Amino acid sequence: SFSLAYFELSDFADRTAAQTLINASEFSDSFGVQFYGTFGVEINGNNVPHVGWFQNDNFVTYSQVNFLAPGATKGILLRYAKKSAGGSIEVRLEGPTGQLLAEFVPINRSSWSDFADVWVELMPKW
């Protein structure tokens, strides 16, 4: 299980910073996860909610994400917290069964409020 605060699309010049940062709570669909308050998660000086309690086969979908043409987006920056063993995060195109773009294995943090940023590179031939 882990908590997701936000993710950010990175490595291309066609967007402004305001268009790249997506709060985890701005999902369009989900299964099995829970919505949490604002402890420990700050973006641009504001506390923001996050999504947590991810387990096997749980997902969140973000319909507002536009990766542009294949290869235009090199990766995403995730802010997460985790205080458990095991698990991975998959980034997929067009929903939970779509094309796999990236996979990340989050490491255990010191507490559920100890958020860290991690760069996740997208697969080059998506």
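**Close-up views of a predicted single-chain model**

**View 1. The largest nonpolar core of the predicted model.** This core comprises 21 residues, and those with the most contacts inside it are Phe67, Leu78, Val91, Phe104 and Val120. Two or more core residues come from each of strand E9 (75-81), strand E10 (89-92), strand E11 (100-104) and strand E12 (116-121). In soluble globular proteins, nonpolar side chains tend to be buried together.

**View 2. The chain and the order of its elements.** The chain contains one helix and twelve strands. Read from the N terminus, the elements follow the order β-α-β-β-β-β-β-β-β-β-β-β-β. Of the 126 residues in the chain, 40% are buried. The accessible surface of the chain amounts to about 7,100 Å², and carbon and sulfur atoms account for 50% of that surface. Among contacts between residues at least 6 apart in sequence, 66% join residues at least 24 apart.

**View 3. The stacked pair of Phe31 and Phe59.** A search of the whole structure yields two aromatic pairs. In the pair shown here, the rings of Phe31 and Phe59 are stacked, with 6.2 Å from centre to centre and 20 degrees between the planes. Phe31 belongs to strand E3 (residues 29-31) and Phe59 to strand E8 (residues 59-61), so the pair ties together parts that are 28 residues apart in sequence. Phe31 is partly exposed, having a relative accessible area of 48%.

**View 4. The edge-to-face pair of Tyr80 and Phe104.** The ring centres of Tyr80 and Phe104 lie 5.5 Å apart and the planes stand at 70 degrees; the pair is therefore edge-to-face, as planes over 60 degrees apart count as edge-to-face. Tyr80 sits in strand E9 and Phe104 in strand E11, and the pair links these distant parts of the chain, 24 residues apart. Tyr80 is buried, with a relative accessible area of 3%. Phe104 is also buried, at a relative accessible area of 12%, and is one of the residues with the most contacts inside the largest nonpolar core.

**View 5. Confidence in helix H1 and strand E11.** Across the chain the mean pLDDT is 77, and 76% of the residues reach 70 or more. Confidence is lowest in helix H1 (residues 17-20), where the mean is 53, and highest in E11, at 91. Where pLDDT is low, the predicted coordinates should not be read in detail. Strand E11 (100-104) is also among the elements that give two or more residues to the largest nonpolar core.

Definitions and conventions
Residues numbered from 1 in each chain as written. Predicted model: local features only at pLDDT ≥ 70, side-chain atom pairs only at ≥ 80, totals over all residues. Heavy atoms only, no water. Helix = DSSP H or I, 4+ residues; strand = E, 2+ residues; numbered from the N terminus. Buried < 20%, exposed > 50% of the residue type's maximum accessible area, 1.4 Å probe, protein only. Contact = heavy atoms within 4.5 Å. Areas by Shrake-Rupley, 256 points an atom, 1.4 Å probe, with all protein chains shown as cover. Core = buried A, V, L, I, M, F, W, Y, C linked by side-chain atoms within 4.5 Å. pLDDT = per-residue confidence, 0-100. Phe/Tyr/Trp six-rings, centres within 6.5 Å; stacked < 30°, edge-to-face > 60°.
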